[in-house]
Amino acid sequence: MGIKTHNDVGEVAKQEFSKQQLLLAEQFSTGVEEFLYEKVELTESIARNRANASPEEFQASFIDIYEGSIGYYALEYINTSGVVVAGYPENNVPIGYNLYENNREYPIEHARDTRDTYCTNPVGLFEGGLGSFIWVPIFDGEEHKGTILGIIQISTLVEKYLEPYDSYDSSGYVYLVDRSTQVLYDGSGQYTAGDNYFDMLNGSNPEWMHIMEEQLNGSEGTAEFTLNGKNNTSENKIIAFSPIEWHRRLWSVAVVSPATEVEEIANPALLKNTVLVLFSASIALLGGFSIILLLTSWNRSLKVEVDNKTFELKQSNEFLEKANQKLKELDELKSDFVSMVSHELKMPLDAIKTSTERLKDVDEKELIDEDELIEKILRNVDRQTRMVNDLLDLSRIESGMVNFRKEEVDLHEVTSTSIETVEKTAYDLGIGIFTSIPEHLPGITGNKDALVSVFVNLLNNSLKFTPWGGRIDIDIVELDQYIQTTVKDNGIGLRTDDISKIFDKFYSLGYDIYNNTSGTGLGLTIAKRIVEGHGGTIEVESKEGKGITFTFTVKK
């Protein structure tokens, strides 16, 4: 009759549930790794090409990065004598502290001797909590010029990626551990950050200690163990764990759930199965065609219920797999982007340095065009400023640090300001910008500077993909509850594959062949976030060779 045993039903439920928990652990691992690598890359960006920067210049960089991102406890500049001479925020930086006098010189010497970034496992901070230290050496050719220190606050990482799960799921919890089994976070509340799991367990739970050993080896998987509680009680647990590998450091994140969660999934089916078995026994004693029909019906019902539970778990797992894949794709895009940003930041700095040295070292008898060199310096300063501003704008918008202060805004004025911003570039490229705006267009409630940024980003995009002699049209119309704006060009258009990705952050098309311009791949992402922050939407239409049309709305 195809009756499923208790073991059959329970095993199916356990397998799917364990798979789901492992996907969750992988998702946490990906998020934490991305956070940590981002901090390494930001800290390294300060040290690049700034060998001869003054403490004041480092301080300005620290302020920009600290205020434009989350997760730093402090940023510091340590000179070649091992003395902290600059840092931000001031309350967290021991200015004047000498690492050599306090026997703390190993990290700076290790980074100097290897000419590579050195990261530590988390240690206690002066203000409490844990922090990981990122030591980045500064070199001018072969000469060591000091060290940049970035301190990551572990509590911020936990608040962003792990605590939301613990507040959502009251029965399960997450823990984070480093390779020395130091507790970085324990959502169960039994252990405190800084404790050591092996010391606390002290051999009392060999099953869990074996799982910990697997974690410390960088393994990924699921397992079961028994957790002993108070008053001689115990509870079976299912655990899924995934490694976090960053800059030669190994951590592990684990999701722990009561085994009863599997039972809650399987129990309704098991109950029917039990009743079914009892009635099966009655057949031998009583017989009867009607009972056989009833049993057949129940067996079908049982099979449907088990299949439904399995289907639900598989659907959930498929969703998590897709989410994990998306995270990995975003991480790859970010890595490509960081490489591109490093290149883009270095190019204007090299040009500025070369032109400045040329001006400084010019022989009195040598004829040079000083105005041209100064123009080159200013042009590259502008280019780098745009890059930094885009990065800071997106970081603040996505971290929720931007609150669009809204007021009555005249779109005639917004459009005029936007066109003035790009008109020199448009003139140099031989591209005309034309507008069609109703004279009595009502004002809207919004943030003027943010809306100008939307227009400028859309116009800059059109300028990159429109040939000499082309045109860009801005049309604004009033709808019932919205104002709709269209920015349309007659340029080379987009390839079909690019249309769905055009608003993705870090995405760069790479074929603006007419004007040979470049960008960060952030402008359209910023525009989209701003439009959505004004209660509107933005869409794009394009065909290759037929130009691009952006249409966005904002509430009146």
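Start with a charge sitting over a ring: K39 lies over the face of F35, and the distance to the ring centre is 4.5 Å. R471 does something along those lines too, with its charged end over the ring of F434, 4.0 Å from the centre. Keep in mind that this is a predicted model. Here's a quick tour of the sheet, the helices around it, and the aromatic rings.

**The five-stranded sheet**

- Reading across this open sheet of 5 strands, you meet β13, β15, β16, β18 and β17 in that order, and the pairing is mixed.
- The edges belong to β13 (432-436) and β17 (538-542), each of which pairs on one side only.
- If you ignore direction, neighbouring strands in this sheet are turned by 15° against each other on average.
- Zoom in on β13 and you'll find that it pairs with β15 (residues 471-478) in the parallel sense, over 5 bridges.
- In that pairing, I433 stands opposite I472 of β15.

**Helices on the sheet**

- Helix α11 covers residues 411-428 and lies across three strands: β13, β15 and β16 (482-489).
- The angle between α11 and β13 is about 170°.
- Helix α12 (residues 448-464) packs on the sheet as well, touching β13, β15, β16, β17 and β18 (548-555).
- Compare directions, and α12 makes about 175° with β18.

**Helix α2**

- Helix α2 runs through residues 55-68, which is 14 residues.
- From its first C-alpha to its last, α2 reaches 20 Å, close to the 20 Å expected at 1.5 Å a residue.
- Which residues of α2 are buried? They are F58, Q59, S61, F62, I65 and G68.

**Aromatic rings**

- The structure holds 15 aromatic pairs.
- One of them brings together F133 and W135, with ring centres 6.1 Å apart.
- Why does this pair count as stacked? The planes of the F133 and W135 rings are at 20°, and planes under 30 degrees apart count as stacked.
- To describe any pair of aromatic rings, you give the distance of the centres and the angle of the planes.
- Both partners are tucked away by the 20% cut-off for buried residues: F133 has a relative accessible area of 16%, so it is buried, and W135 is buried at 6%.
- Elsewhere, one aromatic cluster is made up of Y175, Y191, Y197, W208 and F225.

Methods:
Residues are numbered from 1 along each chain as its sequence is written. This is a predicted model: local features need pLDDT of at least 70, side-chain atom pairs count only at pLDDT 80 or more; totals for chains, interfaces and linings use all residues. Side-chain values use heavy atoms; hydrogens and water are left out. Two strands pair if DSSP finds at least two bridges between them. Helices (H or I, at least four residues) and strands (E, at least two) are DSSP runs, numbered from the N terminus. Axes are lines fitted to C-alpha atoms, for helices over the stretch in contact, and angles run from 0 to 180 degrees between N-to-C directions. Contact means heavy atoms within 4.5 Å. Rings of Phe, Tyr and Trp (its six-membered ring) pair if their centres lie within 6.5 Å; planes under 30 degrees apart count as stacked, over 60 as edge-to-face and the rest as tilted. Buried means under 20% relative accessible area, exposed over 50%, partly exposed in between (1.4 Å probe, protein chains only). A charge sits over a ring if NZ of Lys or CZ of Arg is within 6 Å of the ring centre and within 35 degrees of the ring normal. The expected span of a helix is 1.5 Å times one less than its number of residues.
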